[in-house]
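Student: Please show me the structure, and then let us go through it by question and answer.

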Amino acid sequence: MNRRTVRHALVPMLALAVVVVPGSAYASGGKGGGKPIEGSGKGGNNNGTIFARTKIQTTTNGNSRSTKTGTLTPANSNWTPPACWYEPAFSPKQLESTVKTLRSLDSLPFIGNIGGFLGDALDKRYKDGEYKDYNLDKQGKGMFWAAVKNENRLDDPKVNSCNKPPFWVDEKKTPDEPLAVSPRILAEYAYDELPIPGTRITMAPKGETKVNLPTWVWLDEAKFKEVSVTASLPGTGLSATTTAKPVSLRIDPGTKDADTYPASGECPVVKGRIGEPWAKGKSEETPPCGVKYLRSSGNGSYGLRATVTWKISWTSTTEKGDDLPDGEFGADQDVVVKEIQSVNR
């Protein structure tokens, strides 16, 4: 590898170094302040914008661990959880130490004066420009807020829409920025963190069914219960709890040659369960949730899709809260349908 190749390879590393800052930030410390806020400490640089790593913490039904198997798809195609937002990230001392770290990199082989170049760029804004001396005189009285990307939404085109460089916010002040972290943004972030169980239905008959035979469908009652996630930002007093409640199961038989029970294909939650398990003595009954295939699947199978709709709402200790768009999560199952064989004597 020649010197030019090495230098080009180090450029993205230095861009990342702009925000790799050790230590803790104390935005809410101050005189007589409260619990200190820890700075992000890690992040990246994209198109000139510094991104921080979120410090949002989540708990699931009061437990930090979950058995999440899927992510909800909003029923409203015009809405998605936020792809990015701004949150407290760096103290004045953190930004100052960043510049010192960058300038020290110039002593490394093949670096040239790249560290000094990046340090000068930061000085121009935060030492001798819009801000003076990195706001060191305000240490403990506020924080520099930085853009944060939602790790669940990195493929969303809006993920780079938070393109402001880090900006100062005084302690206990709310920034005049629509995408500044708030209880609602925390609630919408928690939407993606909801531990949605897999949607594998139980069917009777099991394995394969017959033409014109009503097939019973139900879901494990223990799995499909209300779930919630609380998202909070330590040191800020901001938190929100997002709750998902299963309300119905939609059945798509995978063919037009089928009838569903009920006819709409929507099986509501009744007395805390979806559908009803089949049992002996129910052969002549119509299933409250099920499907009847009118034609054989031949040598193949039908792809039955079962989708659960979840009603979503959120609450907060500081705001009233509201409903969020319903969420959907489904799965496909192969169903083999055979003709009923008759014997003529």
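The turns below take up disulfides, the nonpolar core, aromatic pairs, a helix and a loop residue.

Student: Before we start, is the model predicted or what else should I know of its origin?
Tutor: Local features are taken up where pLDDT is at least 70, and side-chain atom pairs count at pLDDT 80 or more. As to its origin, the model is predicted.

Student: How many disulfides are there?
Tutor: A pair of cysteine sulfur atoms within 2.5 Å counts as a disulfide. Cysteine 84 and cysteine 162 have their sulfur atoms 2.1 Å apart, and for cysteine 267 and cysteine 289 the distance is likewise given as 2.1 Å. With bonded cysteines counted along the chain, the pattern is 1-2, 3-4. The count comes to 2 disulfides.

Student: How many residues apart in sequence are the parts tied together by cysteine 84 and cysteine 162?
Tutor: The link is right-handed, with 90 degrees about the S-S bond. Cysteine 84 belongs to strand β5 (residues 84-90), while cysteine 162 sits in the loop between β6 and β7 (167-170), so the disulfide ties together parts whose separation is 78 residues.

Student: Is cysteine 162 buried or exposed?
Tutor: Buried means a relative accessible area under 20%. Its partner, cysteine 84, is at 2% and counts as buried. Cysteine 162 has 0% relative accessibility, so the answer is buried.

Student: Where is cysteine 289, the partner of cysteine 267?
Tutor: The link of cysteine 267 and cysteine 289 is right-handed, with 85 degrees about the S-S bond. Cysteine 267 lies in strand β14 (residues 266-270), 22 residues from its partner. Both cysteines are buried. Cysteine 289 is in the loop between β15 (273-274) and β16 (290-293).

Student: Which strand gives the most to the largest nonpolar core?
Tutor: The largest nonpolar core has 71 residues, and Leu249, Leu304 and Trp310 have the most contacts inside it. With 7 residues, the strand that gives the most to this core is β17 (residues 302-315).

Student: Which cysteines does leucine 249 touch, leaving out residues up to four places away in sequence?
Tutor: Leucine 249 is among the residues with the most contacts inside the largest nonpolar core. Its contacts include Ile201, Val217, Leu219, Ile274, Ala306 and Val308. They also include two cysteines that form a disulfide with each other. The cysteines touched are Cys267 and Cys289.

Student: Why does the pair of tyrosine 293 and tyrosine 302 count as stacked or not stacked, and at what angle are the planes?
Tutor: The structure holds 9 aromatic pairs. In this one the ring centres are 5.1 Å apart, and planes under 30 degrees apart count as stacked. Both tyrosines are buried. The pair is stacked because its planes are at 5 degrees.

Student: What span does helix α2 reach from its first C-alpha to its last?
Tutor: Helix α2 (residues 92-104) has 13 residues, and at 1.5 Å a residue 18 Å is expected. Among its buried residues are Leu95, Val99 and Leu102. The span reached is close to the expected one, at 19 Å.

Student: What is the relative accessible area of asparagine 135?
Tutor: Asparagine 135 is found in the loop between α3 (114-126) and β6 (142-149). Leaving out residues up to four places away in sequence, asparagine 135 touches Pro92, Phe144 and Trp168. Phe144 and Trp168 belong to one aromatic cluster with Tyr126, Tyr131 and Tyr134. Asparagine 135 is buried, with a relative accessible area of 8%.

Notes: Residues numbered from 1 in each chain as written. Heavy atoms only, no water. Phe/Tyr/Trp six-rings, centres within 6.5 Å; stacked < 30°, edge-to-face > 60°. Buried < 20%, exposed > 50% of the residue type's maximum accessible area, 1.4 Å probe, protein only. Core = buried A, V, L, I, M, F, W, Y, C linked by side-chain atoms within 4.5 Å. Helix = DSSP H or I, 4+ residues; strand = E, 2+ residues; numbered from the N terminus. Contact = heavy atoms within 4.5 Å. Expected span 1.5 Å × (residues − 1).
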